[in-house]
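Good morning, and thank you for making time for this presentation. Please take a moment to look at the sequence and the structure before I go through a few sites.

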Amino acid sequence: MAKILIVEDERAINDLIKFNLELVGHECAQVFDGAAGLNEAMKFKYDLIILDVMLPEYSGFDIMEYIEGTPVIFVTARSAPQDKIKGLRLGADDYITKPFDIVELVERVKAVLRRTHADVGCFEFDDIRVEFDNRRVYKNGAEISLKPREFDLLEVLVNNRNLALSREKLLQLVWEFDYEGDTRTVDVHIQRLRQKLGIADRLQTVYKTGYRLEI
Ligand code: CA
């Protein structure tokens, strides 16, 4: 997957981001102040930089002035609209304010990587191959027919693999906010994915929470 630099001085947040991005298969480097962030961003080619704004030595906005060609997501406690506008004007691809939902961060990382083509268009595990661009799924080389929502659900599960996702979160990510249905819809679609793809052992129920695709 992608090589991601995390520039964040709060160690707990930096670690949390790293932990979750690595769970879904990315490779992360961590730095904890502005000078190290600038140095690292200049020295190595990353697919994406997660950049805090308020940092010791140089701010995220300062660092952004020097970054060319690498996508950036600002993650910051500064939620004022003028800060967001400044961040996006400087060329950031996205702007997330703290406190943030880690699943949302993982999704936004995925979205930016897809936009910037740093991410691969398919994902394979066991005998399953998922092609995101043409929305096709194969098992042992034979195409498996999925309904649009089943594919959407599989895509969210793959993108957030190894993370426990609540039924509510899945409803939100797959059916989006306008959906008025209940969480049993999620259960039904999970069941269908398990049956159609034969992934019952991978697609696990998380007690009292929801589901997790374990890979
Ligand atoms: Ca900070």
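Which residue follows α1, and what is the sign of its phi? That residue is G25, and its phi is positive, near 105 degrees. I should state at once that this is a predicted model.

Let me stay with α1. Its 13 residues should span 18 Å at 1.5 Å a residue, and the end C-alpha atoms are indeed 18 Å apart, so expectation and model agree. The buried residues of this helix are I13, N14, I17, N20 and L21. Viewed down the axis of α1, these buried residues fall within an arc of 140 degrees, and therefore they line one face of the helix. The cover over them includes β1, β2, β3 and α5, the last comprising residues 102-115. On the face of α1 turned away from the buried side, one finds the exposed residues A12 and F19.

I move next to H26, which is found in the loop between α1 and β2. Is H26 buried or exposed? H26 has a relative accessible area of 7%; the limit for buried is under 20%, so H26 counts as buried. If we leave aside neighbours within four places in sequence, H26 is in contact with M1, A2, I4, L21, V109 and L113. With A2 there is also a polar approach: a polar atom of the H26 side chain lies 3.2 Å from the backbone nitrogen of A2.

The calcium ion is my third topic. Which residues supply its protein donors? They are D9 and D52, each through OD, and M54 through O, at 2.1 to 2.3 Å from the ion. The spacing of these donor residues in sequence is D-x42-D-x1-M. The pair D9 and D52 links distant parts of the chain, 43 residues apart: D9 sits in the loop between β1 and α1, whereas D52 sits in the loop between β3 and α3. As for accessibility, D9 counts as partly exposed at 30%, while D52 counts as buried at 3%.

Finally, I turn to α8, residues 184-197. At 1.5 Å a residue, its 14 residues should span 20 Å, and the end C-alpha atoms are 20 Å apart, which agrees. Its buried residues are T185, V186, H189, I190, L193, R194 and L197. What follows α8? The residue there is G198, with a positive phi near 65 degrees.

Thank you for your attention.

Key: Residues are numbered from 1 along each chain as its sequence is written. This is a predicted model: local features need pLDDT of at least 70, side-chain atom pairs count only at pLDDT 80 or more; totals for chains, interfaces and linings use all residues. Side-chain values use heavy atoms; hydrogens and water are left out. Donors are N, O and S atoms within 2.8 Å of the metal (3.2 Å for Na, K and Ca); water is not among the atoms, so sites may look incomplete. Helices (H or I, at least four residues) and strands (E, at least two) are DSSP runs, numbered from the N terminus. Buried means under 20% relative accessible area, exposed over 50%, partly exposed in between (1.4 Å probe, protein chains only). A polar contact is a pair of N or O atoms within 3.5 Å; within protein, one must be able to donate a hydrogen and the other to accept it, and residues adjacent in sequence count only if both atoms are side-chain atoms. Contact means heavy atoms within 4.5 Å. The expected span of a helix is 1.5 Å times one less than its number of residues. The arc is that of the directions from the helix axis to the C-beta atoms.
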